[in-house]
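These notebook entries set down what I looked up in one structure. I proceed from contacts to overall make-up, then to a sheet and a group of rings.

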Amino acid sequence: MSEYRTFAAKPVLVAAFLDQIFGVDPVTGRVLWEHKQDGMVHSSTALLVTPTAIYAATFSSITCLRYPTGELLWEAKTAVGGRATLLLEGDRLFVGKQGEIECFSLTGQSLWHNRFKGKGMGPVALGVPDNVAQSDDKD
């Protein structure tokens, strides 16, 4: 039996920093699991949590873990480095970084990458009706 099933009374709180992702019992603060991501040390991590998956993007990669257990499902490198904005829509995960957008399948395959050549670079906001992810101004 997993520790989550044994000890966590509430949904698992997911926290990320320094390229690490943690599952935390929100009642006690006890760390239930942790996962070290590939990426630059001390880079920020963007999180998107659903009832079944945790998507976490670092400077150069994206990781998918099973929610709530933290089991690694897949990891992939991103086409461009930088602080990420994540948007999940249907069966597509969109990653915006430095004025570029990459689209992944829910199994971690890069489906397309648009560099927006000649349009500039910077934080990326992503959205469709009723589902918007604002950019973070820090790079």
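**Entry 1: contacts along the chain.** What share of the contacts in the protein chain with a separation of 6 or more comes from residues 24 or more positions apart? I found that such residues account for 34% of these contacts. I note at the outset that the model is predicted.

**Entry 2: overall make-up.** I looked up the secondary structure and recorded 1 helix and 13 strands for the protein chain. I then read the elements in sequence order: the pattern is α-β-β-β-β-β-β-β-β-β-β-β-β-β, with the helix preceding the strands.

**Entry 3: burial and surface.** The protein chain has 139 residues, and I noted that 43% of them count as buried. For the accessible surface I recorded about 7,800 Å². Carbon and sulfur atoms hold 54% of that surface.

**Entry 4: an open sheet.** I next examined a sheet of 4 strands. It is open, its strand order is S8-S9-S10-S11, and the pairing is antiparallel. Which strands lie at the edges? They are strand S8 (85–89) and strand S11 (110–114), each of which pairs on one side only. Neighbouring strands of this sheet are turned against each other by 15 degrees on average, direction ignored.

I then followed one pairing within the sheet. S8 pairs with strand S9, residues 92–97, in the antiparallel sense, and 5 bridges join the two. I also located Glu 89, which stands opposite Arg 92 in S9.

**Entry 5: aromatic rings.** How many aromatic pairs does the structure hold? I recorded 4. One of them is formed by Tyr 55 and Trp 74; the pair is tilted, with 6.4 Å centre to centre and 50 degrees between the planes. I counted this pair as tilted because its angle is neither under 30 degrees, as for stacked planes, nor over 60, as for edge-to-face ones.

The pair links distant parts of the chain: Tyr 55 belongs to strand S5 (residues 53–57) and Trp 74 to strand S7 (residues 72–77), 19 residues apart. I also noted a cluster, in which Tyr 55 and Trp 74 are joined by Phe 104.

**Entry 6: burial of the two rings' residues.** Are Tyr 55 and Trp 74 buried or exposed? Tyr 55 has a relative accessible area of 5% and is therefore buried, the limit being under 20%. Trp 74 has a relative accessibility of 9%, so I entered this residue as buried too.

Definitions and conventions
Residues numbered from 1 in each chain as written. Predicted model: local features only at pLDDT ≥ 70, side-chain atom pairs only at ≥ 80, totals over all residues. Heavy atoms only, no water. Pairing = 2+ DSSP bridges. Axes fitted to C-alpha atoms, helices over the stretch in contact; angles between N-to-C directions. Phe/Tyr/Trp six-rings, centres within 6.5 Å; stacked < 30°, edge-to-face > 60°. Buried < 20%, exposed > 50% of the residue type's maximum accessible area, 1.4 Å probe, protein only. Contact = heavy atoms within 4.5 Å. Areas by Shrake-Rupley, 256 points an atom, 1.4 Å probe, with all protein chains shown as cover.
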